[in-house]
Amino acid sequence: MRAALAEAKKGLGRTSPNPAVGAVLVIGDRIVARGHHREAGRAHAEVECLRNFDAPVPRHATLYVTLEPCSTEGRTAPCTNAIIRAGAKSVVVGARDVNPRHSGRGIIQLRNAGITVQEGVLADECTQLNETFNKWILTGLPFVIAKCGMSLDGRLTRPDGEPRWITGRDARHDAHRLRARVDAVLVGAETVRADNPRLTIRGVRGARQPWRVVMTRSGRMPRRAHLFSDKFAGRTLIYRRKPLAAVLKDLGKRGITNVLIEGGGEVLGQALDSRLIDKLQIYLGPIVTGGPVIAFSGQGAAKTAEARATLSISGSGKLFASRAIQRLCRTNRRGSFRAIVLFNDWEVKQ
Ligand code: AOF
Ligand code: ZN
């Protein structure tokens, strides 16, 4: 199943609105074929794997799939039929498909055809891999990841005339990898006016350009901004005078399964206030700038209980994380959202 998971990860960020799925065929202790789902509309993982094997499947072979095989016709024919037809007699499944069209049915169909099915192998990892698809298929809303680079005192900007980056190079590369995995990147109009960001992906091979979404109240935005004039201009959407919840609903309808909110502080504040964040990724730079531009403006939480987050901390500054925070990581498991705090190795360049 580990090998099947590694296959699935090859498709992460490219399969939307479908999940990332991987499969391997094993005979004895050898993997004889592999496959992964590359893109919606193309072959599902198990079909690609069986095609790669290109021979009748021997009785003693086992097919490992990270997700329960689909059971009805969608953009492609049901995988259960392909597996039965290929002659597989043993299938191991990672996670159940939460898609109501398939959930549980794929496994029943295989068993009814006399196939031995073992399920739940590395189930947590296989489920986690598709956390964004799982939310979208069940609620119609995209999974929301908020990202921000901030100083220790929660500020978003550096002094005028200096590079605006608060975060270091590693963090920026990490952020590009994050962009490469999402269907859309969302910012507020103030960010467009102040920073003129491209919101493209640099330094990640084979990445797909996500949609770029701008929220604006006034509609006032520079036409020449990269978002409206570069070669991806057709992949920029503007929402005027719409609350974030309504924007997300519309994005979900368009088949956008996950969104990365990159700021600024007003949009982040709105996302936090309306409890729309599923995962928050904070890059902390070791500086204290002060000043008015705070990372999450807005009303703030009404109760401390609502402000709770399940934390995980990583990055090169991990050693500096205080004991209190480390204890919080261990005890506070029932957060309303997950926060990943990455400490930077950023240095102030003189
Ligand atoms: C699988 N293997 O590799 C994937 C599955 O429209 P379709 O035919 O592509 O079907 C999409 C649905 O199939 C999707 O919503 C999800 O429930 C499941 N994805 N299933 O057996 C795969 N990607
Ligand atoms: Zn399928």
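This report walks through the fold, one helix, the nonpolar cores and the ligand surroundings of the structure above.

## The chain at a glance

Keep in mind that this is a predicted model. The chain has 350 residues, and 39% of them count as buried. DSSP-style bookkeeping gives 13 helices and 13 strands.

Plenty of the contacts reach a long way along the sequence. Take the pairs that sit at least 6 apart in sequence: 75% of those contacts join residues at least 24 apart.

## A five-stranded sheet

One open sheet is built from five strands, in the order β2-β1-β3-β4-β5, with mixed pairing. At the edges sit β2 (30-36) and β5 (116-119), each of which pairs on one side only. Going from one strand to the next, the twist averages 20 degrees. As a bit of background, strands of a sheet pair through backbone hydrogen bonds, either parallel or antiparallel.

For a look inside the sheet, try β1 (residues 22-27) and β3 (residues 61-67): they run antiparallel and are joined by five bridges. Within that pairing, L25 has L63 of β3 as its bridge partner.

## Helix α2 on the sheet

Helix α2 (residues 45-53) lies across β1, β2 and β3, and runs at about 130 degrees to β2. Is this helix mostly covered or mostly bare? It's mostly covered, with seven of its nine residues buried. Those buried residues are A45, E46, V47, E48, C49, L50 and F53, so the list holds two glutamates as well as nonpolar residues.

The cover over them includes α1 (2-9) and α3 (79-86), along with strands β1, β2 and β3. Right after the helix comes D54, with a positive phi near 55 degrees.

## Two nonpolar cores

In soluble globular proteins, nonpolar side chains tend to be buried together. Here the largest nonpolar core has 45 residues, and V144, A146, L186, V259, I261, L268 and A271 have the most contacts inside it. Strand β6 (residues 143-151) gives the most to this core, namely six residues.

V259 is a handy one to click on. Setting aside neighbours within four places in sequence, V259 is in contact with P142, V144, V182, A184, L186, L248 and L251. There's also a second, separate core of 31 residues, with L25, L67, C70 and A88 among its members. That's the same L25 that bridges to L63 in the sheet.

## Around ligand 1

Which residues come nearest to ligand 1? Out of 18 residues around the ligand, they are V21, H44, G74, R75 and N99. Sorted by class, the shell has eight nonpolar, seven polar and three charged residues.

Definitions and conventions
Residues are numbered from 1 along each chain as its sequence is written. Chains are lettered from A and ligands numbered from 1 in the order in which they are written. This is a predicted model: local features need pLDDT of at least 70, side-chain atom pairs count only at pLDDT 80 or more; totals for chains, interfaces and linings use all residues. A residue is near a molecule or strand if its C-beta atom, placed from the backbone, lies within 6 Å of it. Two strands pair if DSSP finds at least two bridges between them. Helices (H or I, at least four residues) and strands (E, at least two) are DSSP runs, numbered from the N terminus. Axes are lines fitted to C-alpha atoms, for helices over the stretch in contact, and angles run from 0 to 180 degrees between N-to-C directions. Two residues are in contact if their C-beta atoms, placed from the backbone, lie within 7 Å. A residue is buried if 20 or more other C-beta atoms lie within 10 Å of its own, exposed if 12 or fewer, and partly exposed in between; C-beta atoms are placed from the backbone. A nonpolar core is a set of buried Ala, Val, Leu, Ile, Met, Phe, Trp, Tyr and Cys residues joined through C-beta atoms within 7 Å.
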